[in-house]
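Me: I am new to this structure and would like to go through it slowly, asking at each step how a term is earned. Could you set each value beside its cut-off before you conclude?

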Amino acid sequence: MVDLTLPLRKVRCMNCANKIKAALTELPGVESVDVNTEQANLQGTFAPLAAIDAISQLGYEAGYQYQLPLAGLSCCKCVRKVKEALDSQPEIFSSDVSKTELTATGTLPEAKLIELIESLGFSVPSDNTEQPAVTPTTYELSLSGLSCGKCVAKVEALLKEHNDIDSFSVAKTYASVKTSLAQAEVIGLIESVGFSASPAAAQSETVLAPTSKGTTSDKAETVSGKAPADTPLDKGEMADSEPASLQFILSGMTCASCVSSVEKAILSVPGVSSTSVNLAERTALVSGNAPSNEIIQAVEDAGYQAELSEDELTRRQRQQAQNEKVYRQHIKNAYIALAVGGPLMAWGVFGGSMMIASRADQIGWGVVGIITLVLLATVGKHFFVNAWKAFKHHRATMDTLVALGTGAAWLYSTFVVLVPDLLPMQARHVYFEASAMILGLITLGHALEARARSRTSKALEQLMDLQPQTAIIVDNDEEREVPLADVRTGMVLRLHPGAKVPVDGTILEGQSYIDESMLTGEPIPANKKTGDTLHAGTINQHGSLLFTAEKIGRDTMLARIIDLVRQAQSSKPALARLADTISAIFVPAVMIIAIVTAMIWYYFGPDPSSVYMLVTATTVLIIACPCALGLATPMSVTVGVGRAAEYGVLIRNAEALQIAADVDTVVLDKTGTLTEGKPALVSSNCYNSFNKGQLLTLAASLEQGSEHPLATAIVNAAKAEALSLEPQLNFQAQPGYGISGEVLGHTVLLGNQKLMAQHQIDIDQAQQATDSASEQGATPIYVAVDGLLAGLLAVSDPIRHDSVAAIKRLKNMGLDVIMLTGDVPATANAIAKQAGIEHVIAGVLPDGKASEVEKIQAQGKRVAMVGDGINDAPALAQADIGIAMGSGSDVAIESAQLTLVRHSLHGVPDALQLSRATLRNMKQNLFGAFVYNTLGIPVAAGILFPFTGALLSPVVAGAAMALSSITVVSNANRLRLFKPDGEERQTVKSHSQPQTEN
């Protein structure tokens, strides 16, 4: 029988503990398990390492943690001796050894560990000797790698937790730390969280505002007014002037009116430039340089709660815990309220008297009134608390409506019970069941809404789940598994078959197929070999790979995608801003309508007018909840952006989503978009006594400094012929024309017909070859040497295998497709004919592409421009929607509102169809919310009473209100099932593609 206690690490909440408990319970031989956030207690007949492995596979750490001082180790051989001894112990499953210290994790008792070290001839010094007091020293450090307020907060949190640090001040580029630690220890501490630190070069010039431990000085002053000397600034950033982007998790919000209040509160903080509050996600994305603690304080002062979300994993865990807590609380409260209200309602429905006609009725209903009051004070407490907070801040929310409705019903009923003689007999009706049932139905609706809302970010959670929690480091031919946080740039990592790639890097050794489908949407595994790039989150299918870590943490492609998706989900389209504007005045308007309704029924209604007044006013208040209105657009945006990410479409913001849905014209660049972007030399013609070897040598020597795809084709052709490339001088590039320079003492021109005409080169003898190349879709490139035509090179960029099918899909969507290229008309028309494009604009210089897009827009067209090169950036920015191929230049991607992660033109119809589906879903939700309120409020006010003789019950109104929110959330979640019309084609193709090469 094994009785094992395992200390746990990285277990942040009971949700994590429950996951561990479930995994351990499934282990063979385990008889009992008890897990909390600090340790796991197990009993049974099982192997301890099996339990540790089960916990490790969930991304947590378990076992005894040792940190022991060492003495007697004089060289690397001594260190290796101790390391080998520890590795040979099955009870030690990880260790790190230096000459002075040992860090280990395992199940070996500490006494036996010390015994093992002493048996090797070394010792573990006792730390009982009293150490002399150390005078704290202030260190001024230069920092790099901190790009935003989140990074600063991360360093601050680290320093705050360390007991040996007395005070500190942190900015993005430098820090001042007062501590008893050595300077190297402080630097090591900062570097442990992924940033760089070094002693500041000009400490005497830096004046830092003094702060006490745990406080933040967000800015530092220097005598010169600049950052300290040798302080590296992030690219494109001037110290603290660049606005940071912070995300906060919110609680206490219930409707669109709350969104407006929170946004106003955040915008009132000095330094905040913009904010977007998402009711569906209960998050706020804030841009600016305001301290996070001031933003949190502003939200709390407005009557809500906020906490800083430092990373997506933490945010997800906190929101999961919040959602689960809210759901459990609401479902419990709903059952309690319905258990009280249900029998009361059944009593009235099946003929029981709800009138006060005797002393016994007063006593009986008085007891019911007390029970209902207890219900209001417990199950309905948060409605009244939040309504009071809103009142103190001079606003009205959904909670105000519910509190007024249920409170009014209870107060009237209590008044009837206490003094029935003051009212006519027909007015002595009690409505305790209405208060209970309204609470029960609304709370049940909130519970179901919370459960449905937790599914809206499924795509983003799947992306986050792609990142493994550990990596295998190869050091001195030894492999060891370490937490992902310990991986540093430049480390060599091992990737085994079936494992997920932990960080971005380049393959050093091996070949395998990598499944990139979840990251790029491309179903076909990519064949990767030495020199190719790996991306975090993709899955190795077969071979073992050795690769270098190049981008870690937030720099990986996966992390950037998650950030883009999160920002897009938090943004608002024009429709959402319209809904927010309406919601801001909606609740006060409803309260006015309720008062007017009450007055009309009191003065003009039949007897007993007070009863009719109460029923109609309460029903109006209850039915007019703006929850559905507030959830209509953010729910659709959240699901739609996440669904797009699953298909490899990254949407910069929700505004782009709405605009893309209205696009009627798609303009396509040719090279790298319609075509493979990997041209090859297909033919060459020589003139004026030049031969092919001379022609290729001169042309390739001139092109060797260029990165243009056509230049690469010529250089590759020369290398294939084993020709040596010569140095070139006076190289000049003329965009839209070609290049010139000197090679082997000859003046060489290489380019199109316009370049030849500019230098008065006679090209008539090459006309036939030019026409022939153009007819085949090849680009003719003229080569002139010392003023004479030397030859014509024909370079062909084959059309992508899926371009024809993608263009057909675009046409089937009713879109006009135009090809816009700088290539000569003959070549452009040949490629367009192959692709099935009728409208071609060719021979356009790079700076002319934007003006061509503008001309199309002047015709009343809404244009989506698709490109991948630097020369496409102005056109991408000019178009209504810019769509960049993910393999294109950074400039093109930055200029576009949509980015296709996979290099396939099918991403364009996918993106546009998803945009249309999302906009349609938003309109459905808004229409439903508006129609619900437009019809519901008049019915609640009693507009049908003259025709039917009946009023809408407040209980029915409560059910309708709850149902409206659930309907909106459920309709938005339908987007998760949306599939672009090309998915069937992609699926078939992926099944037919061979997965391995033998």
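Reply: What follows takes the chain as a whole, then some helix pairs, the nonpolar cores and several single residues.

Me: What kind of model is this, and how many helices and strands does the chain have?

Reply: This is a predicted model, and its secondary structure comes to 34 helices and 39 strands. Of the 998 residues of the chain, 52% count as buried, a word used for a relative accessible area under 20%. Among contacts between residues at least 6 apart in sequence, 70% join residues at least 24 apart.

Me: Why are H10 and H12 called roughly antiparallel?

Reply: The axes of H10, residues 359–378, and H12, residues 398–418, cross at roughly 155° and come within 10 Å. Angles over 145 degrees count as roughly antiparallel, and therefore H10 and H12 are roughly antiparallel to each other. The crossing in which H10 passes H12 is left-handed.

Me: Which residues meet where H10 and H12 touch, and how do they divide by class?

Reply: From H10 come Gln-362, Trp-365, Gly-366, Gly-369, Thr-372, Leu-373 and Leu-376, which meet Thr-406, Trp-410, Val-417 and Leu-418 of H12. The residues of this contact divide into six nonpolar, five polar and no charged.

Me: What makes H11 oblique to H12?

Reply: H11, residues 381–392, packs with H12 at an angle of about 120°, the axes being 8 Å apart. An angle of 65 to 115 degrees would count as roughly perpendicular and one over 145 as roughly antiparallel, and the value for this pair falls in neither range, which makes H11 oblique to H12. The crossing of H11 and H12 is left-handed. On the H11 side the contact is made by Phe-383, Phe-384, Asn-386, Ala-387 and Ala-390, and on the H12 side by Met-398, Asp-399, Thr-400, Val-402, Ala-403, Thr-406 and Gly-407. By class, this contact of H11 with H12 has seven nonpolar, four polar and one charged residues.

Me: What makes a group of residues a nonpolar core, and which residues have the most contacts inside the largest one?

Reply: The name is given to buried residues of nonpolar kinds that are joined through side-chain atoms within 4.5 Å. The largest such core has 48 residues, and those with the most contacts inside it are Trp-365, Val-430 and Tyr-431. Two or more residues are given to this core by each of several elements, including H10, H12, H13 (432–453), H17 (574–604) and H18 (609–623). Tyr-431 touches Ala-409, Tyr-412, Ser-413, Val-611, Leu-614 and Val-615, if residues up to four places away in sequence are not counted.

Me: Where is Pro-608, and what kind of peptide bond joins Asp-607 to it?

Reply: Pro-608 lies in the loop between H17 and H18, and the bond that joins Asp-607 and Pro-608 is a cis peptide bond, with omega about -10°.

Me: How do you know whether Thr-506 is buried or exposed?

Reply: Thr-506, which lies in strand S21, residues 504–509, has a relative accessible area of 17%. The cut-off for buried is under 20%, and so Thr-506 is buried. Leaving aside neighbours within four places in sequence, Thr-506 is in contact with Gly-531, Asp-532, Leu-546, Phe-547, Thr-548 and Glu-550.

Me: Why does Ala-153 count as buried?

Reply: Ala-153, placed in helix H5, residues 149–161, has a relative accessibility of 12%, and because buried means under 20%, Ala-153 counts as buried. Ala-153 and Ser-292 are 139 residues apart in sequence, and their C-alpha atoms are 8.4 Å apart in space.

Me: What makes Ser-689 and Ala-722 exposed?

Reply: Exposed means over 50% relative accessible area; Ser-689 has 79% and is therefore exposed, and Ala-722 has 69% and is therefore exposed. Ser-689 is in the loop between strand S29 (680–686) and helix H22 (692–703), with a positive phi near 70° in a residue other than glycine. Ala-722 lies in the loop between helix H23 (709–720) and strand S30 (728–734), and its phi is positive, about 60°, although it is not a glycine.

Note on methods: Residues numbered from 1 in each chain as written. Predicted model: local features only at pLDDT ≥ 70, side-chain atom pairs only at ≥ 80, totals over all residues. Heavy atoms only, no water. Axes fitted to C-alpha atoms, helices over the stretch in contact; angles between N-to-C directions. Helix = DSSP H or I, 4+ residues; strand = E, 2+ residues; numbered from the N terminus. Parallel < 35°, antiparallel > 145°, perpendicular 65-115°, else oblique. Left-handed = near helix turned anticlockwise from the far one by under 90°. Contact = heavy atoms within 4.5 Å. Nonpolar A, V, L, I, M, F, W, Y, C, P; charged D, E, K, R; others polar. Buried < 20%, exposed > 50% of the residue type's maximum accessible area, 1.4 Å probe, protein only.
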